[in-house]
Amino acid sequence: MEKSLVLIKPDAVRKNIIGKIIGMYEENDLKVIALKMEKITEELASKHYEEHIGKVFYKPLIDFITSGPLCALILEGENAIKKVRDINGSTDPKEAMIGTIRNLYADSNRENCVHASDSTESAKREISLWFGKEYL
Ligand code: CMP
């Protein structure tokens, strides 16, 4: 069993599709083991996206992710990290496979509805950051 940290971003919350997105994970045998909704601070946003500091899209990314409430969740299942990323689709919705969350619902490579951990190491870091080490 593996765990992944997922964010349902402010654009998806504004579109009222939290339930549709969680449903897509649940239909694929992923279990929600932790869940919270909040409008995050710039401090948490900058820790979450620390690997992107200095990139041209960093500032607008922080502005977007702090622009309204989001949902953070931990999903658990077999091969959860890859499975979640497959369900999400490519970062840019124009490149996302048909039927993926970003193909169905995302507007751009910034407002792309969801974030998910991209490796075991990032899952550990992100789960600790959002929920605490006791969830590892
Ligand atoms: P996410 O999976 O949350 O991880 C980093 C985020 O940066 C990514 O999704 C996108 O929302 C954003 N991002 C990545 N590349 C670009 C880009 N070229 N332009 C704007 N935003 C980007």
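**Notebook: sheet, ligand site and cysteines**

I began with strand 1 and found that three bridges join strand 1 to strand 4 (residues 114-116), the two running antiparallel. Within this pairing, I noted that Val6 stands opposite Ala116 of strand 4. I record here that the model is a predicted one.

**Entry: the sheet**

I next looked up the other partner of strand 1. Strand 3 (residues 70-77) is joined to strand 1 by seven bridges, and these two strands run antiparallel. Ser4 is the residue that stands opposite Leu75 in strand 3. I then checked how covered strand 1 (residues 2-8) is, and found five of its seven residues buried, so that the strand is mostly covered.

I asked myself in what order the four strands of the open sheet lie. The order is 2-3-1-4, with antiparallel pairing. Strand 2 (31-38) and strand 4 are the edge strands, each pairing on one side only. I noted an average twist of 20° from one strand to the next. As background, I wrote down that the strands of a sheet pair through backbone hydrogen bonds, in either a parallel or an antiparallel manner.

**Entry: the ligand**

I listed the residues around the ligand: Lys9, Tyr49, His52, Phe57, Leu61, Thr91, Arg102, Asn109, Arg110, Asn112 and His115. I then looked up individual distances to ligand oxygen atoms. For Asn109, a backbone N or O atom lies 3.0 Å from an oxygen atom of the ligand. For Arg110, a backbone N or O atom is 3.4 Å from an oxygen atom of the ligand. Asn112 places a polar side-chain atom 3.5 Å from an oxygen atom of the ligand. I also looked up the ligand's area: taken alone the ligand exposes 450 Å², and the protein buries 79% of that.

**Entry: the cysteines**

How many disulfides does a search of the whole structure find? The search finds zero. Cys71 is in no disulfide, and the nearest cysteine sulfur, that of Cys113, is 12 Å away. Since a disulfide requires the two sulfur atoms to lie within 2.5 Å, I read the absence of a bond from that distance. Cys113 is likewise in no disulfide, its nearest cysteine sulfur being that of Cys71, at 12 Å.

I then asked whether Cys71 is buried or exposed. Cys71 has 4% relative accessibility and therefore counts as buried, the cut-off being under 20%. Cys113, with a relative accessible area of 0%, is buried.

**Entry: two helices**

In helix 2 (residues 18-27) I looked up the buried residues, which are Ile21, Ile22, Gly23, Met24 and Tyr25. Just after helix 2, I found that Asp29 takes a positive phi of about 65°.

I turned last to Ser122, which lies in helix 7 (residues 120-131). Its relative accessibility is 10%, so Ser122 counts as buried. Which side chain does the side chain of Ser122 contact through polar atoms? The partner is the side chain of Asp118, and the polar contact has a distance of 2.8 Å.

How values were computed. Residues numbered from 1 in each chain as written. Predicted model: local features only at pLDDT ≥ 70, side-chain atom pairs only at ≥ 80, totals over all residues. Heavy atoms only, no water. Buried < 20%, exposed > 50% of the residue type's maximum accessible area, 1.4 Å probe, protein only. Polar contact = N/O pair within 3.5 Å; in protein donor to acceptor, adjacent residues only side chain to side chain. Pairing = 2+ DSSP bridges. Near = heavy atom within 4 Å. Areas by Shrake-Rupley, 256 points an atom, 1.4 Å probe, with all protein chains shown as cover. Axes fitted to C-alpha atoms, helices over the stretch in contact; angles between N-to-C directions.
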